[in-house]
Structure formats: C-alpha cells, structure tokens
Amino acid sequence: MMDRRLYRLICVFLLLFLAGRSYGSPIGTRKTGRSSVFSLFNLKEKSRFWSENVMHSDFNDLESANNGKMGVLNYTKAGNIANYLKLLEVDSMHLPVPVNFIFIGFEGKGNHEFKLHPEELERWFTKIDHIFGHTRVPHIGEVLTPFYKISIDKVQRHHLPIVSHINYNVSVHAIQMSEKVTSVFDNAINVLARRDDVSGNREDEDTFWQVDVDMMDVLFSSLVDYLQLENAYNIFVLNPKHDGKKAKYGYRRGLSESEINFLKENKDLQTKILQSGTIPESVLALEKIKRPLYEKHPMEKFAWTITEDTDTVEWSNICLDALNNVDRFYQGKDTADIIHGKVIQILKGKNEDMKQLFGKELKSGDLSGIHAECLTDTWIGKDRWAFIDLSAGPFSWGPAVGGEGVRTELSLPNVKKTIGAVAEISEDEAEDRLQDAIQEKFAAFGDKDHQAIDILLAEIDIYELFAFKHCKGRKVKLALCEELDERMRDLKNELQSFEGGEYDESHRRKAVDALNRMESWNLFSDTHEEFQNYTVARDTFLAHLGATLWGSMRHIISPSIADGAFHFYDKISFQLFFITQEKVRHIKQLPVDLKALTEGLSSLLLPSQKAMFSQHMLPLSEDPALAMAFSVARRAAAVPLLLVNGTYRKTIRTYLDSSILQHQLQRLNDHGSLKGMHAHSRSTLEVPIFWFLHSEPLLVDKHYQAKALSDMVIVVQSETSSWESHLQCNGKSLLWDLRRPIKAALAAASEHLAGLLPLHLVYSQAHETAIEDWAWSVGCNPLSITSQGWHISQFQSDTVARSYIITTLEESVQLVNSAIHRLVMEHTTEQTFKLFQSQERDLVNKYNHVVGLWRRIATVTGELRYVDAMRLLYTLEDASKGFVGQVNASITLLHPIHCTRQRKVDVEFDMTTIPAFLIVLGVLWLVLRPRRPKPKIN
C-alpha cells in the first residue's frame, strides 16, 4: 500500500514539473558573440604588415577605464569576455617571402634584341597572385597504370587543414641586368658548351650542345654573392643571343650518353684517369668580390631596378678573364682530352654523389651504373637561385605515356616564336598574308550586291588588322606598309565624300564612325611608340612568362608539403635496419654506400639539429618473424607498359606492399624488438629506415624504390644496374640504378621528416586535390627526376624549416582560437566582474606574449633567418599552452559564482498556468482522497 502511494506521489511531482515547463516562460537563448574572424597580419593593399591594435598597448589604460560603475557597465554590455577583451579568432597569418626576378638579355642586346620595359613588367607581374595559402597534399594513393596518374585520397581526416591559416606574402623585386652581364653569359654558353654527340664531327643547325651546368653554377653563385642577394630567392630569366653554330643547346651535369660510351670503350682513357694526379678543383676560378645591389629587399608588392654597367663592371671583367682562361685551356684538345678533363673535374669536384659514383665505377671497370642526365633549359642551384634559359631547348620530360602537366616543347615562353615571328616576316610573306586576308574577308560577301560603303569598311578592317600585326613598330619598315598608308589616305577621302546630302542617313553614320576610328590610328607612321610594339605578341609572351614565374613560386620557393604535423626536434636519430636474405659478417661488407647515405641524411637536417645513426643487420634467415613479415608483404603484379617508342609490353613486377609491410613491422615493434632507445623522447625523433636488400628486381608499391610512411621509411635495393622506369626525358626512357637507391631514400626520408614532396606535385584549390607540373622537376636534388644527384638545395632546406615553423604556428593558432571560443561562450555578469578583474592582467599578458612571438617569428622568417626562428618554437608552444591554461583557470574560477552568489530567483506569474494547477489539484484529490477500507474475506 505504501509503495503504491509513493509511486502516485512521484507521478504527481512529474506532472507538476511538466506543467511548469509547458506553460512557464520560455528559456532565453544565449548570444554566442560576433562570428567575425580576426586576421592578425592584415595585408590589404595599403595596410601595414600587421595591425598594432592586436597588441594591448598598456594594461594600465584598460584598468583605468574599468574603475567604478563605467567599468562594470562596459563589462556587462560586452556580452561575453572575448568581446570585452576585444579578442577575435585568428583567421590567417602572413609570412613575407622576398623574391628577386633577375632578367638577363632583356635590355635589347639579347635574343632578337628583345627589350622589356618597366611599365610592361609592372602591368603583368602585379597580376601574379602574390598572396597565397600554404597547402598540404593529402595522402597519395596507388599510381594507376599504365597512365601513371597520381591518385589522391580526398576523404580523410586531417590534423591540420589542407589549406592552411598561414599565407605567403610574396614581395617581387624585378632586376634588369646590364649589357655587360648579358655578354658574360653569352660568352659562358659559348665557351662551356661541348657537343652532345661525340661519335662524329658533324656540326649543323640540328647538332645539340651541352653546357656544363657545374661551371655555370660558379657564375650564378658568384653574381648572387657579388650583389649580395643571398637573403632573397633569386629566379634568373635568361635571353642570351643565339650563336649560329650552337643554335640548339641545353644544360647538363656530367657526361652525355655518347661520351659515356666513348669512355666505356676506351680502356686506356680509363687507366689515364685513374693515374692522374691532383689538379685544381675547377678551371673556372673566380675572385670573391662584393658590391651590394641594395641594402635591404624592398619588400613591396612589385619593385623594379635597372642596374648600370658601373654596378657590375668589376664582376664582368673578372668573369670574362676567367672564361678566356677556360677557352685557352680547351683549345686544340680532342674528344679524349675533353672527356678526361671533365671526369677529372668530377672526381676532384664538390659534387659528392658524382664523385663517389665515377670513382667506384672506374675502379671496378664496370661503367654500367653511369647514366647520362637529361638536357634541360631550367635548373635549381644549390643555393637560393634557379634559372630559366628561354633561348635553350626545346626539351620535354615527365611520364612516358599519360600523366598530367608533362613538360613539353611549348611549356616555356619562346622569344623566337612570339616576338621573333612578328619581327622577321619578309615582303613576300607580307603580301601573301594580305592576299589571304582579302580573299577570306570578301568570300563572306558571296554573290549578293553590296553597298559601296560596306565594301570600303571591309577593306579598312583588313588593313587595320594587317597593320597591327605586321607594320606597327617594325625597325625595318615594309614597302607594302607604305603602299597601304597611301591607300588608307585615299579611303579616308572616299569616306569623307559620304558626308554629302545625296547619301542616306545610315551611310553617313557608317562613314562618320569609320572616320572617327581612323583619327585615333597611327598604324603606318614613323612615330616611335615604344610600348605599343607587337602588342599581341608581347602580351602573349609576358602572360606566358608571368605564369611560368608564378609556377616557380608554387613549386620551388613555397611548395605544398605532405599532409601531417611536422615538429622540430633538436636531434634526429636514424635507425638503419639492413634486412638481407643471408647473414653478412660485417656491415661494411654490405653493398651499400654508408658514407654517401649518412652524408645525405645529415644534409636533410637544419644547422641547429644533430644527426645520430645506429646501424643494425637483420638477416631473414635468423629472424622468423621478420622473414614472415617480408614474405606476407611481397607480392607480384602484371604491369602493362607503353614505352616511349609506342611498344606495348607486359611485365611481371615483384614488389613490397607498403601497407601490409607497415602493419607487420608495427607488430614486431610492439613486441619491442625494433624499438630504439629514444622512442619516447621529446627532444629526439627516431626515424626507422628499413632497407631491404634483394637479388632480384624489387620495388615498393609497384613503381618506387623508397616510400615514406607515417612511422617509418621503406627502401628496397636489388642488383639491376639499368632499370627502365615509367619516366622519360627528350624521347628516351630514364634508367634507374636499382643498386644505389640513395636518391629515392633521401626523398622518402625528407617527406617523413618535414613533408617534402616531389617538385612536380602541388595542391590546387581549384581542383581540391594535387595536380602535376613537371616543368620544375630539375636540379641535382632528391626531388627531381632529370638528374641522378641527391644534394639538398637551399630552397628545400628552407622548405624543411618553414614546415616546422608553420606546424608550430598552426597548432598555436588552433590552441588560441579554442581558448578565445571558450571566452566567447562565457557571459559577462555584474556578479563576476570583480573576480574577473583579478585574472584580466594575466590573460592580457599571456595573450600579448603569444602575439609577440607570432610577430617575431614572422619577421625573422621573412629575413630568411630560419635558425633564429627555430629557437622560438619551443617558447611559442609553451606560451600558447600557458594562454589556454590561463583561460581555463579563469573560467573555472568564475563558475562557482553562478551557484553560490546568484540567490535572486525571478518568478513570473502567467495566467495560462492556472488551468494546469487546477488539473494537478484534481489529480491529487483523486489519488490522495480517503477511501473506505474493504472487508477482508478469508
């Protein structure tokens, strides 16, 4: 009986509660504050680099405004703490990037005497998007065969956004070099060029010449050092004058295929090279002198500088003297002597990769591992410079069949085919083109009768179009243009005759319109109009050049990186696991160039980082678990191939499936057999590199020699010296030496450490995925395909540093934004004002500290002082966490106030609640009314 009565009471209370909820006053919704976001570094056209309003100038100013009733009023009116402190979430930051575009041969003394003007450059180069976001490329899926299209997984979760909060603000400084600098590079190309094919003595227009890029490296580095441009990224655009005897040329490291074959067949030459004594490292030795071009980079959207001869005369004279010495050194030498000198230069030079390769191959007597590198017309240097030669080539490279963004013969702007094509039209060609235009125009008239005014207007249209294309701005005037000028005067007189009253209104209107149009023409006159020469051709050329230079910024200066968070560590511990089929007595007996490998891995580190190495040999014959992991991951696939010559071939490839292998190795690591001593250290990052040595050809994921995974790097090595890859350059397949996968290993290690990607990959916001552009896949670095070299360029070292900086900045922004969001959700009331005042100083100081570090890191990064920026990253991490901790502590301190001090209860009386209470009372009476006890019946 008591249980039933208790149950009824509970139901009554629930009814009372529901009645109050149903008929009471509605609960008010909380304001979430303004949704606008705050850009710390607001880079509009006329704004400062960052807004000083971000920084609270003085806490005392804020405190004085908060005294008394006005302070409480401002606090409560703000609505939430974020509004009161004027804090908005950070939408973007901008890192300045100084860039110099240096034009050589555009002062009127280069190819086709082409001359660039500041007005043209500014008009086109200000159209380049100088502010663009840092981007990340999602995980790359399997390469699809046979078309070799990169597959990107779009459906992923990302720790950091694909399009970053961090933007690059590129400041372009265009520099036009003087005639003396042009003469130096003209002379250098002429002196340093060798025949690509040494099998014959034929020299004609179709003969290709190879310019020694190692020698050109000395010239470019010397010019950058002389003008002290090393604190900016320098892109040289060359337009050297064509030498009639060396019309087709390109740039290459090392020897051509013909020279390699000559060396293979000439054993006496090999012996002579091995017995040669010490000679100077380079026959092109330049004295180091300096004459700064500017005190500091202008750091404007676009700036233009024209150098005078006096600025570079000293450097030009030194270079010309050195080139004359080189010319005398090679005069009278035959093919064997030239090859001998070049190989000795390699063996005594500073290119460690080529030095070690040629040294080992010559000592073994087997030159099968030496392959010719591609002839190119672009190059990325070791320091902060790259160049494009518009007179060289044309060349092509990229996937052999299929693929996107491949480099073709039309990828670069061509002075000869645009500007030169307009300038070189002959009298006969001009007459033929005029006749063709007349026939095409009047063919549209057909056999119908037409008014005289319409025929005159058609003739004027023809002459106008022809004059714009072939008469305007020519240095040598065509006789046909003079005849057309006379004809145009006759047409003008004929049109004026239509102004008489005997013609109808429509004819008079057409005549007047045509006369007005002709008044503004200056098509056939001798007046020199500099900026109107070859308008269409010049605009086409400049638009193409602008697009090419914009590509240099997106691919080599500030490229996309792999998706992920890449943190800076003081020490990098490379754990090298060499996995062999059989046991090897000592690690030095492995067919691996450990010296080159350790040097290459060390080059991936920044100057402030320290490299550590531990080497382990793991024979599969003695480790059943590892042997099982290898066997499970080893697979075979039938891969269809379409070669450069159009031949179809189906090959069976043995490869390691990286996903399966990673899973198997992680299981071994969980058991502790592969863990290093620094596995859980904050200051040291362990990089496990599993190096599989196999006798038969073996790849990773069908097409790679190495692959970067989230927690390891996988490398495969086999005994094949010439593997025909799916890539080509200039119509020939690129050959890989599977015995030396160092280049591929370093590329994979750089991706694992800092997210570096191959130079042809970049993220496209328009496509929302990665796209390919192979034009900048050049240079002797691990990320290019056209060279076998593996030296990290300064461009890539800076990308590594920026990757660490941007990860720390991005995570700092996320922390600060999350804290500000909490402040937005925290309402301000009169009861919390006094307590919040006690926390305000700490909040403001900690926020100012974070913003000050953002500012300092951006400034230091813009000056390319990355080592100094690295020292601030740990401080920024601690400061960001400190601000978040202070926000959390302040909010926690305010929360008890709502429970203990807000004792006032607002009760609103609503007439609509009366029926509800009457119903409840009725139910109570029915439930609780006294009842007559029933007699108990046995």
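This short talk walks through some buried strands, salt bridges, surface patches and backbone features of one structure. Please keep in mind throughout that this is a predicted model.

Let me begin with strand E6, which covers residues 233-238. Six of its six residues are buried, so the strand is largely enclosed by the rest of the structure. If you look at the side chains, Tyr233, Ile235 and Val237 point one way from E6, while Asn234, Phe236 and Leu238 point the other way, and all of them are buried. Which strands does E6 pair with? One partner is strand E1, residues 93-104, which pairs with E6 in the parallel sense over six bridges, and in that pairing phenylalanine 101 stands opposite isoleucine 235. Another partner is strand E10, residues 385-389, which runs parallel to E6 and is joined to it by five bridges; here asparagine 234 has tryptophan 385 as its bridge partner.

Just ahead of E6 there is a backbone detail that you may want to find on the screen. Glutamine 228 lies in the loop between H7 and E6, and its phi is near 55°, a positive value in a residue other than glycine. With a relative accessible area of 30%, glutamine 228 is partly exposed. On the other side of the pairing, in the loop between E10 and strand E11 (397-399), sits proline 394, and the peptide bond that leads from glycine 393 into proline 394 is cis, with omega near 5°.

A second strand with a similar description is E17, residues 684-693, which is mostly covered, since nine of its ten residues are buried. Strand E13, residues 571-580, pairs with E17 in the parallel sense over nine bridges, and within that pairing isoleucine 579 has phenylalanine 692 as its bridge partner. E17 also pairs with strand E20, residues 713-717, again in the parallel sense, over five bridges, with isoleucine 689 standing opposite valine 713.

Let me turn to the charged side chains. Across the whole structure, a search finds 24 salt bridges. One of them joins lysine 342 to aspartate 214, with the closest N and O atoms 3.8 Å apart. Lysine 342 belongs to helix H11 (residues 335-347) and aspartate 214 to helix H7 (residues 213-227), so this pair ties together parts that are 128 residues apart in sequence. Are these two charged residues buried or exposed? Lysine 342, at 2% relative accessibility, counts as buried, and aspartate 214 is buried as well, with a relative accessible area of 18%.

Another salt bridge is formed where the side chains of glutamate 257 and lysine 732 meet, at 3.1 Å from N to O. Because glutamate 257 lies in helix H8 (residues 257-265) and lysine 732 in strand E22 (residues 732-736), the contact ties together parts that are 475 residues apart in sequence. Glutamate 257 counts as partly exposed, at 43% relative accessibility. In a further salt bridge, arginine 865 and aspartate 868 meet at 2.6 Å, N to O; arginine 865 is partly exposed at 37% relative accessibility, and aspartate 868 is partly exposed at 27%. There is also a network of salt bridges, which links Glu361, Asp737, Arg739 and Arg740.

Now to the surface, where a negative patch is formed by ten residues that include Asp428, Glu429, Glu482 and Asp490. Helix H14 (427-443) and helix H16 (479-496) each supply at least two residues of this patch, and the largest share, six residues, comes from H14. Glutamate 482 has its place in helix H16 and is partly exposed, with a relative accessible area of 44%.

Elsewhere, Ile914, Leu918 and Leu921 make a nonpolar surface patch of about 280 Å². Leucine 918 lies in helix H27, residues 914-928, and at 56% relative accessibility leucine 918 counts as exposed.

I will finish with one more backbone feature. Glutamate 768 has a positive phi of about 60° although it is not a glycine. The residue sits in the loop between strand E23 (761-764) and strand E24 (769-772), and glutamate 768 is exposed, with a relative accessible area of 55%.

Definitions and conventions
Residues are numbered from 1 along each chain as its sequence is written. This is a predicted model: local features need pLDDT of at least 70, side-chain atom pairs count only at pLDDT 80 or more; totals for chains, interfaces and linings use all residues. Side-chain values use heavy atoms; hydrogens and water are left out. Buried means under 20% relative accessible area, exposed over 50%, partly exposed in between (1.4 Å probe, protein chains only). Helices (H or I, at least four residues) and strands (E, at least two) are DSSP runs, numbered from the N terminus. Two strands pair if DSSP finds at least two bridges between them. Patches are made of residues with over 30% relative accessible area and no salt bridge: like charges are joined within 9 Å, nonpolar side chains (Val, Leu, Ile, Met, Phe, Trp, Tyr) within 5 Å. Accessible areas come from the Shrake-Rupley method with a 1.4 Å probe; for residues, only the protein chains shown count as cover. A salt bridge is a side-chain nitrogen of Lys or Arg within 4 Å of a carboxyl oxygen of Asp or Glu. Lys and Arg count as positive and Asp and Glu as negative; His and the chain ends are not counted. The place of a charge is taken as NZ of Lys, CZ of Arg, CG of Asp or CD of Glu.
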